[in-house]
Amino acid sequence: MKKKLIMLVFTLIFVFSFSAAAFATDCCDGCCCHYTLTPGFWKNHTDLTESLLPIALGNIDVTSIDQAVQILNSNGDSSNGINKLCRNLLAVKLNFAYFGGSLDAADQADAFLMEYGPDDWSSLTKEQKSYVLGLASALDDYNNSNPPPES
């Protein structure tokens, strides 16, 4: 019993110290370190996500946790490239709000979303769809890098 208790204590210490390290934002080796989290993280940690709202995605103002989760779930239609773009841009902006950072692809996605919304996907040209999917992929790469690449 005593060995099990000791193992449990050491396990908890390890888990909590690892979790704290994963969210560290202090500087290391002379550069400011920050990390990224995925859309899945943000949709499953609603208290943290909600604390960082509101966030604008082009002309879309994300003001509630329900709206954020819907976007992080690709609005129920992941075949729509603009939904993918919104999903990944929201996660990027949540990462920026929590850890800091910037990314040219995020600025480009914002500019695109100033003119187009998810309902416009089917009317885009092949080139526009390719552009949207490229931006969504770049944002997804950023969200899945840890630490993120320099922009």
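Reader: Which residue forms a salt bridge with D110, and how far apart are the closest N and O atoms?

Author: Happy to start there, with the reminder that this is a predicted model. The partner of D110 is K93, and the closest N and O atoms of the pair are 2.6 Å apart. D110 belongs to helix 6 (residues 104-115) and K93 to helix 5, so the salt bridge ties together parts that are 17 residues apart in sequence.

Reader: How many salt bridges does the count come to?

Author: The count comes to one salt bridge.

Reader: Are D110 and K93 buried or exposed?

Author: To read burial, look at relative accessible area, where under 20% is the cut-off for buried. Both D110 and K93 are buried. For D110 the relative accessible area is 16%, so D110 falls under the 20% cut-off. Setting aside residues up to four places away in sequence, D110 touches A56, L57, G58, L89 and K93.

Reader: Let me step back to the whole chain. What does the secondary structure of the protein come to?

Author: There are seven helices and four strands. Read from the N terminus, the elements run α-β-β-α-α-β-β-α-α-α-α. Of the 151 residues in the protein, 35% are buried. The accessible surface comes to about 8,900 Å², and carbon and sulfur atoms account for 56% of that surface.

Reader: How should I read contacts against sequence separation, and what share join residues at least 24 apart?

Author: The idea is to take contacts between residues at least 6 apart in sequence, then ask how many of them reach further along the chain. Here, 65% of those contacts join residues at least 24 apart.

Reader: Back to helix 6, then. What span should its twelve residues have, and how far apart are its end C-alpha atoms?

Author: At 1.5 Å a residue, the twelve residues of helix 6 should span 16 Å, and the end C-alpha atoms are 18 Å apart, which agrees.

Reader: Which residues of helix 6 are buried?

Author: They are A105, A106, A109, D110, F112 and L113. These buried residues cover an arc of only 165 degrees around the axis, which puts them on the same side of helix 6. The face turned away from that buried side carries the exposed residues D104, D107 and E115.

Reader: What do the buried residues of helix 6 pack against?

Author: They pack against strand 3 (55-57), helix 5 and helix 7 (126-143). L113 gives a close-up: leaving out residues up to four places away in sequence, L113 touches L57, G58, N59, I82, L85, C86 and L89.

Reader: How many residues are in the largest nonpolar core, and which have the most contacts inside it?

Author: The general idea first: in soluble globular proteins, nonpolar side chains tend to be buried together. In this model the largest nonpolar core has 35 residues, and those with the most contacts inside it are W42, L57, I82, L85, L90, L113 and L139. Helix 2 (39-44), strand 3, helix 4, helix 5, helix 6 and helix 7 each supply at least two residues of this core. The largest share, ten residues, comes from helix 5.

Reader: N95 caught my eye as well. Where is its place, and is N95 buried or exposed?

Author: N95 sits in helix 5 (residues 81-99). N95 is buried, with a relative accessible area of 0%. Apart from neighbours within four places in sequence, N95 is in contact with Y35, T36, L37, W42, G100, Y142 and N143.

Reader: Now for the backbone. Which peptide bond is cis?

Author: Here the angle to read is omega: the peptide bond from L53 to P54 is cis, with omega near 10 degrees. P54 is found in the loop between helix 3 (46-51) and strand 3.

Reader: And phi? What sign does it have at S74 and at N75?

Author: Both have a positive phi although neither is a glycine: about 60 degrees at S74 and about 50 degrees at N75. S74 lies in the loop between helix 4 (65-72) and helix 5, and N75 is also found in the loop between helix 4 and helix 5.

Reader: How do S74 and N75 count, buried or partly exposed?

Author: S74 counts as buried at 6% relative accessibility, whereas N75, at 27%, counts as partly exposed.

Terms used:
Residues are numbered from 1 along each chain as its sequence is written. This is a predicted model: local features need pLDDT of at least 70, side-chain atom pairs count only at pLDDT 80 or more; totals for chains, interfaces and linings use all residues. Side-chain values use heavy atoms; hydrogens and water are left out. Buried means under 20% relative accessible area, exposed over 50%, partly exposed in between (1.4 Å probe, protein chains only). Contact means heavy atoms within 4.5 Å. A salt bridge is a side-chain nitrogen of Lys or Arg within 4 Å of a carboxyl oxygen of Asp or Glu. The expected span of a helix is 1.5 Å times one less than its number of residues. The arc is that of the directions from the helix axis to the C-beta atoms. Accessible areas come from the Shrake-Rupley method with a 1.4 Å probe; for residues, only the protein chains shown count as cover. A nonpolar core is a set of buried Ala, Val, Leu, Ile, Met, Phe, Trp, Tyr and Cys residues joined through side-chain atoms within 4.5 Å.
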